[in-house]
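Let's take a walk through this fold together, starting with a sheet and ending with some loops. Have the model open and follow along.

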Amino acid sequence: MNPVRIALIGAGGIVAQAHKPAFLRFPEEIQPVAVADPHLPSAEALATEFGVPFFSNHDEMLAAMAADAVLITTPHFLHAGAAADALRRGLPALVEKPLACTVAELRELEALEKSSGAFVQAGQQQRFGMEENWLKSWLNSPDFGSPRLFNLDIYQNVESYATGKHDPWILDKNRAGGGIVISVAIHILDLLRYWFEDDFVEVFAKGSFDAPLVNGAESSVAATLTMRGGVIGTLNCSYLARRCPYSQRTLLFGTRGSLCQHMEKPGGGYAGAYYTSTDGGKPTPEWNMMYEGWEPVAGRTGQGDSPFVTQLRRFADNVRAKSPAENSLVRNFNTIAVVEAIGRSLITGKPEPVAAR
Ligand SMILES: NC(=O)c1ccc[n+]([C@@H]2O[C@H](COP(=O)([O-])OP(=O)(O)OC[C@H]3O[C@@H](n4cnc5c(N)ncnc54)[C@H](O)[C@@H]3O)[C@@H](O)[C@H]2O)c1
């Protein structure tokens, strides 16, 4: 098996943290061939670690180097353009989330996929997590029953994320495409769609717009969302969490069981462990029964690689097979559409429909 030769567009934080380990661990499957980043110190540092050439411009890199695919990890507003450049050269692209900033960009990419025969894959790595995949089966089993309600909280201190970056583009709606929803909440919205095998159809969002975010990027959002199957829920998120006991909390209620991801103690870390509980189909007449039966998901799954590693290896498999990506543009469409609809509702102050494909 020849390794899939991957040209990297963008050499920032996420590549160093998440993708580089995959390249270093599986050289027989994936091979970095060059790095492009206009911030030359970043391009050079990563290229030197890989022992490959670096460029300031991705088009020059793609013209000069033989590659089978590209990995795009630039600021969001450049995703669709870089992916289009790859497709025009017949190269499949794994694009970090968000695949694009708007539904209009997605439609252009879809047309290019058809004319080029290559594909884009959305980098939503949670779909490759061991626990997340165990939970997908559990949530679609009689133990959970039919989904009814979700309650999602996401809190981050954006100041800490932007500090030390040579370009804090994440604060700027013109370059990030929005605020906390497109940059962070997109993960759990996409995961919910994966878990429930459903799409969002309507949103109603209120937000606030505070510094250090600029150009209309939302800093906090409270939203209600509706899925096609009738599941309803709320999303609360803020980028202004200078103090918070946890970053993410997820509560899902089905007709038989519940999923809870929560901190276990104040300061419990990024997100607590997943727990599930079910009534097993039996009557639950006593008050305290609703607190019973909670079991951690950890230990019920095998030990796996980081979801980023699995995602990149699967992408390489897709490139080799020339098959449509598992997390294809079509599958990702509703994720981008719901993010866009939240952004629209923040401006109109009204419920907004989520664009259909
Ligand atoms: N999946 C996740 O959990 C996760 C986590 C963090 C970031 N991300 C995503 O990864 C992407 C990058 O985020 P980051 O944290 O690494 O940001 P970053 O700012 O650290 O890195 C972005 C890099 O892109 C470079 N760049 C700018 N213009 C470019 C161009 N025209 N061509 C090539 N490179 C260019 C910048 O110089 C910078 O080095 C974003 O899409 C972000 O949403 C995903």
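**A walk through the model**

Start with the open sheet, where six strands line up in the order 3-2-1-4-5-6 with parallel pairing. Its edges are strand 3 (54-55) and strand 6 (120-123), each of which pairs on one side only. Keep in mind as you look around that this is a predicted model.

Strand 5 (residues 93-96) is a good spot to pause. Four bridges tie strand 5 to strand 6, and the two run parallel. One residue to pick out here is Glu-96, whose bridge partner in strand 6 is Gly-123. Helix 1 (residues 13-25) packs on this sheet, touching strand 1 (4-9), strand 2 (30-36), strand 4 (69-72) and strand 5, and its direction makes about 145 degrees with that of strand 2. Then there's helix 4 (residues 79-88), which lies across strand 1, strand 4, strand 5 and strand 6 and runs at about 175 degrees to strand 5.

Just past strand 5, look for a cis peptide bond: the one from Lys-97 to Pro-98, with omega near -10 degrees. Pro-98 sits in the loop between strand 5 and helix 5 (103-116).

Now zoom out. The domain assignment splits the protein chain into domain 1 (4-126 + 306-328) and domain 2 (130-302). Their C-alpha centres are 27 Å apart, and where the two meet, nine residues of domain 1 are in contact with twelve residues of domain 2. On the domain 1 side, the touching residues come out as four nonpolar, four polar and one charged.

So where does the ligand lie relative to domain 1 and domain 2? Both domains give residues to the shell around the ligand, so the ligand lies between them. That shell has 24 residues, and the closest are Gly-12, Gly-13, Ile-14, His-39 and Glu-96. You've already met Glu-96 as the bridge partner of Gly-123. By class, the shell breaks down into seven nonpolar, twelve polar and five charged residues.

Over in domain 2 (130-302), begin with a pair of helices. The axes of helix 6 (residues 130-139) and helix 9 (residues 180-196) come within 8 Å and cross at roughly 45 degrees, which makes helix 6 oblique to helix 9. Helix 6 brings Glu-132, Leu-135, Lys-136 and Leu-139 to the contact, while helix 9 brings Leu-191, Tyr-194, Trp-195 and Phe-196. Sorted by class, the residues of this contact are six nonpolar, no polar and two charged.

Next, follow strand 11 (residues 246-254) and its pairings. Strand 7 (residues 147-155) joins strand 11 through seven bridges, running antiparallel, and Phe-150 has Leu-252 as its bridge partner in strand 11. Strand 13 (residues 269-271) pairs with strand 11 in the parallel sense over two bridges; here Gln-248 is matched with Ala-271 of strand 13. Strand 12 (residues 257-261) is antiparallel to strand 11, with four bridges joining them. Phe-253 stands opposite Ser-258 in strand 12, and strand 11 and strand 12 form a hairpin with two residues between them.

Finish with the loop between strand 8 (200-208) and strand 9 (220-227), which holds Pro-212. The peptide bond from Ala-211 to Pro-212 is cis, with omega near 10 degrees. Asn-215 lies in the loop between strand 8 and strand 9 too, and though not a glycine, Asn-215 has a positive phi of about 60 degrees.

How values were computed:
Residues are numbered from 1 along each chain as its sequence is written. This is a predicted model: local features need pLDDT of at least 70, side-chain atom pairs count only at pLDDT 80 or more; totals for chains, interfaces and linings use all residues. Domain bounds come from an automatic or database domain assignment. Two residues are in contact if their C-beta atoms, placed from the backbone, lie within 7 Å. Ala, Val, Leu, Ile, Met, Phe, Trp, Tyr, Cys and Pro count as nonpolar, Asp, Glu, Lys and Arg as charged, and the others, Gly among them, as polar. A residue is near a molecule or strand if its C-beta atom, placed from the backbone, lies within 6 Å of it. Two strands pair if DSSP finds at least two bridges between them. Axes are lines fitted to C-alpha atoms, for helices over the stretch in contact, and angles run from 0 to 180 degrees between N-to-C directions. Angles under 35 degrees count as roughly parallel, over 145 as roughly antiparallel, 65 to 115 as roughly perpendicular and the rest as oblique.
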